[in-house]
Amino acid sequence: MNDTDKTRADEPAPAVSLLRFRLNGADVSVAVEDHRTLLEVLRYGLDLTGTKQGCDEGECGACTVLLDDKPVLSCCTLAAQVEGRDVRTVEALAEREAAALLDAFDRHDAAQCGFCTPGVLMSAEALLMDTRRAVTMPEAAQALSGNLCRCTGYTKILHAVVDASERLAEEDAEHGAAS
Amino acid sequence: MTEPEKWQIGGHHRKLGAMERMRGIARYTDDLSLPRMLHAKILRSPHAHARILAIDPTKAMQMPGVIAVITGSDMPTPYGVIPWTPDENVLAIEKALYVGDGVACVAAETEDQAVAALAGIEVEYEVLQAYFDPEEALAAEETINPYARKGNLSKEVELAFGDVDKGLEDAALVIEGDYEFHGTTHGAIEPHCALAKVDPDGLLTVWSATQVPHYLHRELAKVLEIPARQIRVIQPPVGGAFGGKSEPFDLEFCVAKLSQITGRPVKLLYTREEVFYAHRGRHPMKMHYRHGFDAKGKLVAVDAKTLLDGGAYSSFGLVTTYYSGQLLCAPYELGSYRFHSRRAYTNKPACGPKRGHGSVQPRFAMEVQLDKAAIALDLDPIELRRQNAMGSDSLTVNELRVGSNGFLDCLAAVELASGWKERRAKLGFGHGLGVAGSTYISGTNYAIYPNEMPQAAVQITLDRSGRARIFSGASDIGQGSDTMLAVIAGEELGLPTEDIRVLSADTDLCPVDLGAYSSRITLMVGNACLDAARKLRKKVTASVAKRWECSAKQVSLVARQAIDMNDPARRVDLVEAFHWAEADHGLLGEVGSYDTPKDRHGSYRGGAIGASPAYSFTAHVAEVKVDDETGEVEVVKIWCAHDCGKAISRGLVEGQIEGSCYMGAAEVVLESHGVNAEMGGLHHGPSFLDYRMPTTLDTAEIEALIVEAPDARGPHGAKEAGEGPLHSTIPAIVNAIYDAVGVRVDDLPVTPAKLVRAIEAQRALMGDA
């Protein structure tokens with residue numbers, strides 16, 4: 001073959017490493033080619049298809065997951081980067097925040113096609129766990145500014161996030177008063 | 001005895017399937033995976049216009065994991081969503097017509113191997129002159145699309161109603177203007193994806209992120225040359241569409257063909273870049289308008305000339321060309337009207353329908369024209385619109401019959417909510433309010449392919465657990481059509497929506513529906529559902545009445561109970577009532593159908609295009625702030641009042657209004673879809689970074705106001721809500737910019753550079769004066 005035949009047939013097989021991390025509360029170890037993204041490993045390696053691929057280039061936010069409780073774009077995170085760390089996906093939303101958020105999203109009709117929603121929920125959950133109080137509309141807008149939604153115009157999403165945060169804050173206040 | 005209030009219609013409902021979608025449980029097309037599944041990728045032309053001299057896949061076939069390669073000659077039958085314009089091949093045969101046109105498709109064991117193998121397909125091109133400007137294309141001697149019948153003129157429509165020349169001659173005021181609408185695209189977050197498998201007996205199943213499973217079914221049969229009965233199309237949950245998935249695409253045929261060839265399941269997922277090139281989005285239009293008014297501001301004549309830039313293929317373009325004129329004849333009485341629309345082929349991604357198909361662009365021009373007239377006549381722009389509004393049960397100048405019409409209520413609602421009267425005069429320089437109005441169809445009276453069968457059909461069965469199952473061909477693309485059907489059926493059958501399962505958009509299980517386009521589903525499928533549900537209700541109430549020895553008319557089905565309205569203490573659980581009915585009638589199932597009226601348009605050629613059973617109406621007020629030094633526009637708030645006839649489920653209607661306002665606002669100030677002529681037809685920026693869709697931080701506050709003028713032809717009076725509320729968003733914002741800074745930008749998008757130039761030009765003029 002001449003020099004112009006730069007096909008991957010000539011390239012060595014990609015290196016594979018054993019990746020160990022905590023995923024949705026359980027320890028996992030999985031053989032991963034070194035060039036794989038976290039999104040690829042989740043969706044196509046572990047069949048966790050709740051995390052969506054909308055652009056695969058870090059622009060839409062549909063692939064947002066929590067890495068050590070911080071929202072990250074799994075399409076721009078190399079799988080190797082999560083070695084030994086804690087990853088949470090929409091399949092394992094935090095019990096308390098998720099219950100409030102899902103109920104609020106459902107009541108407010110905050111999901112239309114639902115494709116961006118898993119990513120939106122991860123960003124919202126990170127906000128609520130971080131603030132642990134009633135948030136304002138601008139705070140919610142800031143926290144979700146990395147998640148594109150094409151259906152809703154965001155209005156109902158932001159109302160739902162604020163509503164969920166208010167309910168959790170009320171619960172906290174009642175709990176605090178009782179204890 | 002009093003009929004109980006509607007217990008479901010008009011309420012708020014939790015959306016069917018929302019929890020599964022939100023929690024990541026619902027499987028969208030790319031979430032599906034089958035044993036031994038192959039992955040496919042399409043090789044795309046790097047040239048905007050090139051003759052294909054030879055394709056050699058030999059090297060690709062020898063590459064790791066590669067199982068099959070197909071080219072255009074494997075599927076030579078041309079197709080097109082509109083039966084009169086079949087001008088596409090799955091993969092280019094003679095010529096590639098735009099950068100991104102599919103040339104070959106490879107199936108391999110992994111997606112990486114398929115991508116790698118594209119480099120091994122050798123294509124010899126003869127590069128041809130490419131045409132990116134529609135006027136240059138029309139002037140060219142060379143024909144872009146080999147199937148085109150009239151050179152590069154894709155479609156031409158010229159229609160006149162009344163004496164427009166005399167109207168303009170006699171007019172006290174003529175407003176004349178040139179307008180330009182750029183291209184925009186749908187931007188659904190889910191990329192197109194399709195999966196196919198062939199059973200040993202030859203049954204082909206195709207799963208696709210489509211909004212038209214029935215048309216896909218038909219076109220697959222045509223192009224693959226196998227009987228439709230041998231094909232099953234399933235539409236999994238769809239992650240947004242907005243018109244961008246409303247016709248067959250290359251990937252669906254490719255996975256089907258490759259699955260036939262290999263005997264293995266094949267999946268193909270577009271990259272985001274491919275979605276931008278696949279496009280079928282809003283046509284760029286150049287529009288010239290003349291509006292004639294009498295001295296009091298009453299419209300006497302409208303003359304429109306429109307040039308549509310169609311891109312490489314027809315898509316829905318025949319309809320778009322008609323719509324660009326036909327859908328403008330309400331909500332105002334035009335006096336007399338003439339339009340001349342031409343659509344040109346160009347070497348660009350094909351344009352098609354995007355939310356508000358064909359009428360969003362001319363609506364922008366029309367409503368800015370009205371604004372200019374109001375200022376020239378020193379009239380309040382809302383008053384000018386009121387004066388020209390047509391009433392209910394009226395006939396448009398192009399002979400479309402309008403039923404209910406809540407336009408005046410829409411105007412009043414946005415006038416009040418925005419504080420128009422008190423606030424408008426007080427806003428300082430750089431801060432403005434603008435108004436606009438519009439109308440849209442609730443589906444079209446004629447199907448895309450001529451036939452005398454119903455436009456919509458639904459089957460409902462009841463079972464012994466007290467549940468209903470609705471089988472419907474309708475495509476829930478996120479707009480909530482499954483929920484709408486459950487609410488309509490639940491209202492009749494006494495069932496809350498959680499007791500109703502909707503199985504939709506599977507051509508093996510469900511009756512045919514034409515698809516989620518033209519805002520047809522609520523009115524058409526809703527009517528079919530109502531028909532089936534009422535037949536079932538009759539059976540159930542008859543069986544209850546028989547046992548209670550009373551009239552069936554006094555039996556009401558509400559909240560899982562059958563109730564005697566003359567003696568409300570007498571009631572029975574619906575499960576038991578269903579058992580009684582099944583004992584009396586056998587298995588409880590009914591079908592319902594709906595067909596459109598065919599007597600609501602003129603008899604002239606083309607008069608049926610734009611005819612709808614019912615028309616929605618919309619009014620917008622937008623509030624903007626403009627920085628006159630940077631030209632930056634901030635859309636502060638949008639009030640939108642939309643007459644949807646009757647809101648079957650209020651939250652869903654609000655969601656459609658809000659999403660429409662968001663999408664329209666983005667088309668004014670942010671988004672632009674196009675190719676770069678200097679770069680040989682490469683897309684401006686086929687990514688979400690360059691195609692600037694608004695984030696939470698870019699989106700205005702939106703207030704959705706539901707107006708209800710029930711239409712006799714809609715189920716419970718319902719009309720559309722999915723597309724109408726986009727239209728007047730755009731001119732309302734453009735008119736608000738004028739109100740803020742006193743200059744107009746009539747070619748969209750309103751970029752900071754254009755606006756600053758306009759402001760500076762205005763200042764120079766005033767300085768000179």
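In which crossing, right-handed or left-handed, does α2(A) pass α3(A)? The crossing is right-handed (clockwise turn of the near helix from the far one, by less than a right angle; anticlockwise would make it left-handed). The model behind this is predicted, so local features need pLDDT of at least 70 and side-chain atom pairs count only at pLDDT 80 or more, while totals for chains, interfaces and linings use all residues. Residues are numbered from 1 along each chain as its sequence is written, with chains lettered from A and ligands numbered from 1 in the order in which they are written.

Back to that helix pair in chain A. Helix α2 covers residues 95–107 and helix α3 residues 117–131, and their axes come within 10 Å and cross at roughly 125° (axes are lines fitted to C-alpha atoms over the stretch in contact, and angles run from 0 to 180 degrees between N-to-C directions). The two are therefore oblique to each other, a word kept for angles that are not under 35 degrees (roughly parallel), over 145 (roughly antiparallel) or 65 to 115 (roughly perpendicular). From α2(A), the contact takes A:Glu97, A:Ala98 and A:Leu101; from α3(A) come A:Leu121, A:Ala124, A:Glu125, A:Leu128 and A:Met129 (C-beta atoms, placed from the backbone, within 7 Å). Sorted by class, that is six nonpolar, no polar and two charged residues (Ala, Val, Leu, Ile, Met, Phe, Trp, Tyr, Cys and Pro are nonpolar, Asp, Glu, Lys and Arg charged, and the others, Gly among them, polar).

Chain B carries 20 helices and 30 strands (DSSP runs numbered from the N terminus: H or I over at least four residues for helices, E over at least two for strands). Its radius of gyration is 27 Å, close to the 27 Å that the globule rule gives for 769 residues, so chain B is as compact as a globular protein of that length (C-alpha atoms only; the rule is 2.2 Å times the number of residues to the power 0.38). The C-alpha trace spans about 90 × 75 × 50 Å along its principal axes. Buried residues account for 62% of chain B (20 or more other C-beta atoms within 10 Å; exposed means 12 or fewer, partly exposed in between, with C-beta atoms placed from the backbone). Of the contacts between residues at least 6 apart in sequence, 81% join residues at least 24 apart.

Helix α9(B), residues 317–326, has ten of its ten residues buried, so the rest of the structure largely encloses it. Its cover includes β7, β13, β14, β15 and α10 of chain B. Helix α10(B) also packs against α19(B) (729–741), at an angle of about 35° with the axes 8 Å apart, and this crossing is right-handed. Here B:Val360, B:Arg363, B:Phe364, B:Glu367, B:Val368 and B:Asp371 meet B:Ile730, B:Pro731, B:Val734, B:Asn735 and B:Tyr738, giving seven nonpolar, one polar and three charged residues.

Over in strand β27(B) (633–643) sits B:Val636, partly exposed with 15 other C-beta atoms within 10 Å. Leaving aside residues up to four places away in sequence, B:Val636 touches B:Glu623, B:Val624, B:Lys625, B:Ala700 and B:Glu701.

Finally, the two chains meet through 50 residues of chain B and 41 of chain A. On the side of chain B, α1 (18–22) and α17 (650–669) are the elements giving two or more residues, and α17(B) gives the most, with seven. That side divides into 24 nonpolar, 15 polar and eleven charged residues.
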